[in-house]
Every structure is written in structure tokens, then in C-alpha cells.
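Me: I'm new to reading protein structures, and I'd love to go through one with you. Could we take it question by question?

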Amino acid sequence: MGDPVSVSVVALDPVLEAGTRSTLLNSPDLSLVDPGGETRVVVMIVDRVGAPELEALRTTREAPRPPDVVLVASELTVAETLHALTLGARGLLRRREADAGRLARAVLAAGRGDCTLPPDLLDRLLERSASPGAGDGEPVSIRGAGDLNDRERAVLRLVADGHETNEIARRLCYSPRTVSTVVHDITRRFRLRNRAHAVAYALRAGLL
């Protein structure tokens with residue numbers, strides 16, 4: 001096992017911030033850092049995902065050594081999720097779903113460059129990508145929709161749900177090497193930075 005992933009918590013409500021920090025302290029794979037300190041992952045807890053919250057996300061991601069961000073909000077719409085992914089969020093959770101285990105898994109996934117979304121929200125994003133212009137007032141392009149094959153789509157869906165390479169391999173009956181090769185081929189083909197960027201790009205471009 002490697003070193004613990006450093007994580008800090010940012011929230012307007014100090015009680016909520018303290019409670020979240022206490023929750024994360026229970027995970028041996030995480031190391032808590034005070035807000036403002038250098039950290040690998042930042043958990044941002046907000047009521048809604050509006051312009052001020054997105055600007056805070058943008059500012060966090062524009063730091064000289066930008067941390068990955070897990071955004072926890074009271075509610076999440078498809079449009080808000082797309083905006084957050086575009087600005088570099090690596091995980092999105094609803095508050096009511098952010099129990100200790102799920103939050104820790106989202107932080108660990110962000111720390112390794114993966115992207116985590118609630119399964120039902122991922123399904124809505126996929127449905128939306130198949131119906132350009134539907135819902136939430138933010139059209140999604142479907143150009144290049146045939147550029148991913150069924151195997152690539154299946155792998156990216158599981159990546160988006162926060163599963164690690166070995167888990168994806170077991171679910172799809174592939175070898176871990178095959179899963180890694182599929183993700184590598186996608187990132188190279190579309191000139192993407194990492195797995196999280198691949199998921200965000202595929203959702204926005206309608207490839208899933």
C-alpha cells in the first residue's frame with residue numbers, strides 16, 4: 001500500500017467542515033491537511049453549484065500545483081455536472097449519498113486521477129448525450145458518437161463510476177492489462193490527459 005492521499009475540506013459551514021474532516025479521519029488511506037495547505041485532493045462542500053461555486057472550483061484548479069477536487073453538493077443537475085467536469089472536478093457526490101465509505105472512495109479515486117459520479121446521474125448524462133439539446137438547457141454535441149466501440153464504452157462507464165482497473169477487469173471478464181490498454185488507447189487517440197479527462201470528454205462529446 002502506498003502513502004496516504006492528502007486531503008483538505010472546504011465548506012462555508014464550519015460545523016459541516018468539522019464533521020466531514022472527522023469522517024475522513026477514519027480512513028487509514030487518507031491524511032487530513034488544513035485548508036490552504038498543499039494537498040492532493042480538496043473536498044468542496046456546497047449547497048448548490050452556481051456561478052460562485054464554479055468560480056471557486058476554477059480558482060482551485062488554477063493553483064500552481066492544482067489539487068484534484070471532489071465536489072459535494074445538496075443537489076446536482078446534468079448541466080451543473082458537465083460544468084464541474086469541464087472545470088476539472090474529479091468526483092461529484094450528493095450530500096445525502098456522501099457517507100464515510102463513499103466519500104473516502106471518491107477521494108481515493110480522485111487521487112489516482114479517476115472520476116466518480118453517482119450511477120443515476122451518469123445514466124442521465126448518457127441519456128442526454130443520446131438526445132442533443134434535451135434537458136437542463138445545455139445541449140451536448142454528439143459528433144463522433146461512433147468513435148468508441150462497445151468495449152471502450154463499457155470500460156469508460158465503469159471508470160466514471162469510480163471502479164479501479166482490477167474491478168473493471170473482473171466485471172467485464174477482461175484482463176487488467178486489456179483494461180489499461182483500452183483506457184490508454186482512448187486517451188492517446190483523443191489527446192487527453194488522463195482517465196478523468198477521458199470520461200469528461202466522452203460525456204461532453206456524446207461518445208458514451
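Me: How do the residues lining the second largest pocket divide into nonpolar, polar and charged?
Reply: Happy to help, and keep in mind that this is a predicted model. The second largest pocket holds about 240 Å³ of space. Of the 14 residues that line it, the closest to its centre are A11, L12, I45, V46 and D47. Sorted by type, the lining comes to 9 nonpolar, no polar and 5 charged residues.

Me: Which elements give two or more residues to the lining of that second largest pocket?
Reply: Let's stay with the pocket of about 240 Å³ for a moment. The elements that give two or more residues to its lining are β1 (5–11), β3 (41–46) and α2 (51–61).

Me: What pattern does the protein chain follow along the sequence?
Reply: Start with the totals: the chain has 9 helices and 5 strands. Placed in sequence order, they give β-α-β-β-α-β-α-β-α-α-α-α-α-α.

Me: Is L57 buried or exposed, and which residues does L57 touch?
Reply: L57 sits in helix α2. Its relative accessible area is 1%, and buried means under 20%, so L57 is buried. Leaving out residues up to four places away in sequence, L57 touches M44, V69, A84, L87 and A89.

Me: How far apart are the C-alpha atoms of L57 and L71?
Reply: Along the chain, L57 and L71 are 14 residues apart. In space, their C-alpha atoms are separated by 8.6 Å.

Me: Where is P67 found, and is P67 buried or exposed?
Reply: P67 is found in the loop between α2 and β4 (68–73). Not counting residues up to four places away in sequence, P67 touches T39, R40, V41, V42, T60 and R61. Its relative accessible area is 8%, which is under the 20% cut-off, so P67 is buried.

Me: And what is the distance in space between P67 and V43?
Reply: These two residues are 24 apart in sequence. From C-alpha to C-alpha, P67 and V43 are separated by 9.9 Å.

Me: Why does R90 count as buried, and which residue's backbone oxygen lies 3.1 Å from a polar atom of its side chain?
Reply: R90 belongs to strand β5 (residues 89–94). Because its relative accessible area is 3%, under the 20% limit, R90 is buried. A polar atom of the R90 side chain lies 3.1 Å from the backbone oxygen of G88.

Me: Is E152 buried or exposed, and how far in space is E152 from V183?
Reply: E152 is part of helix α6 (residues 150–160). With 7% relative accessibility, E152 is under 20% and therefore counts as buried. E152 and V183 are 31 residues apart in sequence, while their C-alpha to C-alpha distance is 7.6 Å.

Me: What is the phi of C173, and is C173 buried or exposed?
Reply: C173 lies in the loop between α7 (165–172) and α8 (176–189). Although C173 is not a glycine, it has a positive phi of about 60°. Its relative accessibility is 70%, over the 50% cut-off, so C173 counts as exposed.

Me: To finish with the whole protein chain, what share of the residues is buried?
Reply: The chain exposes about 10,300 Å², and carbon and sulfur atoms supply 49% of that area. Among contacts between residues at least 6 apart in sequence, 66% join residues at least 24 apart. Of the 208 residues in the chain, the buried share is 49%.

Conventions
Residues numbered from 1 in each chain as written. Predicted model: local features only at pLDDT ≥ 70, side-chain atom pairs only at ≥ 80, totals over all residues. Heavy atoms only, no water. 1 Å grid on protein atoms, 1.4 Å probe; cavity = no way out; pocket = protein on both sides within 12 Å on 5 of 7 lines; lining within 4 Å. Points joined across faces, edges and corners; volume = space filled by probe spheres on them. Helix = DSSP H or I, 4+ residues; strand = E, 2+ residues; numbered from the N terminus. Nonpolar A, V, L, I, M, F, W, Y, C, P; charged D, E, K, R; others polar. Buried < 20%, exposed > 50% of the residue type's maximum accessible area, 1.4 Å probe, protein only. Contact = heavy atoms within 4.5 Å. Areas by Shrake-Rupley, 256 points an atom, 1.4 Å probe, with all protein chains shown as cover. Polar contact = N/O pair within 3.5 Å; in protein donor to acceptor, adjacent residues only side chain to side chain.
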